[in-house]
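Let's take a walk through this protein together, with the structure open beside the text. Keep a viewer handy so you can click on residues as they come up.

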Amino acid sequence: MTARLDLPQVTLIAATSINVEATLLAIEACQAKVRFAACKLLTHRLPARTLPGLDVVITPQLTTSEQYSSFMLSGLADHVETSHCLVVQWDGHIVDPGRWNPEFLGCDYVGASWPQFTDGHAVGNGGFSLRSRRLLEACRHPQFTPSHPEDVAIGRLNRPWLEAQGLRFASRELADSFAAERASTLETAFGFHGVWHMPQLIGADGFWEIYRGLEDRHSVFHDGSAIMRQLAGAPHGWRRCLQIGWDGLWQRAQRRTGQA
């Protein structure tokens, strides 16, 4: 078993008002593998449970992706006192602390690469990302152009300006050793982001327990085919696949009628 890693320069942080219990599980998985300088959950009310060593900070309610983007760009710096922070969401956490590379801390932004971009501005996904405090402050500068989604605002729209200020983005190769998303694998990365990785990583039963407790399942439905292929061969797999399919149809119907 890989020894627990010490990262005294890093704050583990998550900001959300939805899927809070699943977010706590992601934070707990990270805490089990790494000792951070601080661990913080930014949310609009106290959750039903908390974790040892976790500071729950009450913030404005963040229920839409647009609200999340705005907060991450303008408000995150207020909650980070260390040189870097590790941003996590409910569908991503550390996989193997033994794959930590000290070169990550030499960057101001590290996140899994986007395979659809080939113009040199492909780093990267914000759902599991390492960000320097310098970057967080730069995102509040009047010359930074905020937009949604916030990771694209950082990694593409404002990247030339950020680099002109001396901020450094990880190379594509370093970013993909940091996080598995769509262009790298769980077998080689320090962490991951993406719900479709979860059945492989935590098992079908573990994934199903999390799925049942989600308030917002849109990311599951977005990659439903990949998830159902993994569940199908496990016990209760076809029943679970049918349930996901039904839940997805129900959510789309609600949205069409303006109820979701």
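What follows is a tour of the nonpolar cores, two single residues and the salt bridges.

Please keep in mind that this is a predicted model.

A good place to begin is the inside. In soluble globular proteins, nonpolar side chains tend to be buried together. Here the largest nonpolar core has 44 residues, and the members that touch the most others are Phe36, Leu86, Ile154, Leu162, Phe178 and Phe190. Several elements give two or more residues to this core: the strands β1 (5–15), β2 (34–43) and β5, together with the helices α1 (20–33), α3 (133–138), α4, α5 (159–164) and α6 (172–178). The element that gives the most is β1, with 5 residues.

To see this core from one of its members, select Leu86. Setting aside residues up to four places away in sequence, Leu86 touches a list of residues that includes Val10, Leu12, Phe36, Ile94, Phe128, Ser129 and Phe178. A second core, separate from this one, holds 23 residues, among them Trp196, Phe207, Tyr211 and Phe221.

Ser129, one of the residues that Leu86 touches, deserves a stop of its own. Ser129 sits in strand β6 and is buried, its relative accessible area being 0%. Its side chain makes a polar contact of 2.9 Å with the side chain of Arg131. Beyond its neighbours within four places in sequence, Ser129 is in contact with Cys85, Leu86, Val87, Tyr109, Val110, Gly111 and Phe178.

Now move to Phe71, in helix α2 (residues 65–74). Phe71 is buried too, with a relative accessible area of 11%. Apart from neighbours within four places in sequence, the residues in contact with Phe71 are Ala15, Leu42, Thr59, Leu62, Leu76 and His79. As a yardstick for your viewer, the C-alpha atoms of Phe71 and Thr11 are separated by 17 Å, and the two residues are 60 apart along the chain.

Next come the charged residues. Side chains of opposite charge can pair when their charged atoms come close. How many salt bridges does a search of the whole structure find? The search finds 15. One of them joins Arg156 to Asp119, with 2.8 Å between the closest N and O atoms. Arg156 belongs to helix α4 (residues 150–157), while Asp119 is in the loop between β5 (109–111) and β6 (129–132), so this pair ties together parts that lie 37 residues apart in sequence. Arg156 is partly exposed at 21% relative accessible area, and Asp119 is partly exposed at 48%.

Another salt bridge brings together the side chains of Arg182 and Asp223, at 3.0 Å from N to O. This pair links distant parts of the chain, 41 residues apart: Arg182 is in the loop between β7 (179–180) and β8 (191–192), and Asp223 in the loop between α8 (218–222) and α9 (224–232). Arg182 is partly exposed, at 43% relative accessible area, whereas Asp223 counts as buried, at 12%.

Which partner does Asp247 meet in a salt bridge? The partner is Arg217, at 3.1 Å from N to O. Because Asp247 lies in helix α10 (residues 237–256) and Arg217 in the loop between α7 (198–212) and α8, the pair ties together parts 30 residues apart in sequence. Asp247 is buried, with a relative accessible area of 13%, and Arg217 is buried as well, at 18%. Finally, Asp78, Arg133, Glu137 and Arg140 are joined into one network by salt bridges that share partners.

Note on methods: Residues numbered from 1 in each chain as written. Predicted model: local features only at pLDDT ≥ 70, side-chain atom pairs only at ≥ 80, totals over all residues. Heavy atoms only, no water. Salt bridge = Lys/Arg side-chain N within 4 Å of Asp/Glu carboxyl O. Helix = DSSP H or I, 4+ residues; strand = E, 2+ residues; numbered from the N terminus. Buried < 20%, exposed > 50% of the residue type's maximum accessible area, 1.4 Å probe, protein only. Core = buried A, V, L, I, M, F, W, Y, C linked by side-chain atoms within 4.5 Å. Contact = heavy atoms within 4.5 Å. Polar contact = N/O pair within 3.5 Å; in protein donor to acceptor, adjacent residues only side chain to side chain.
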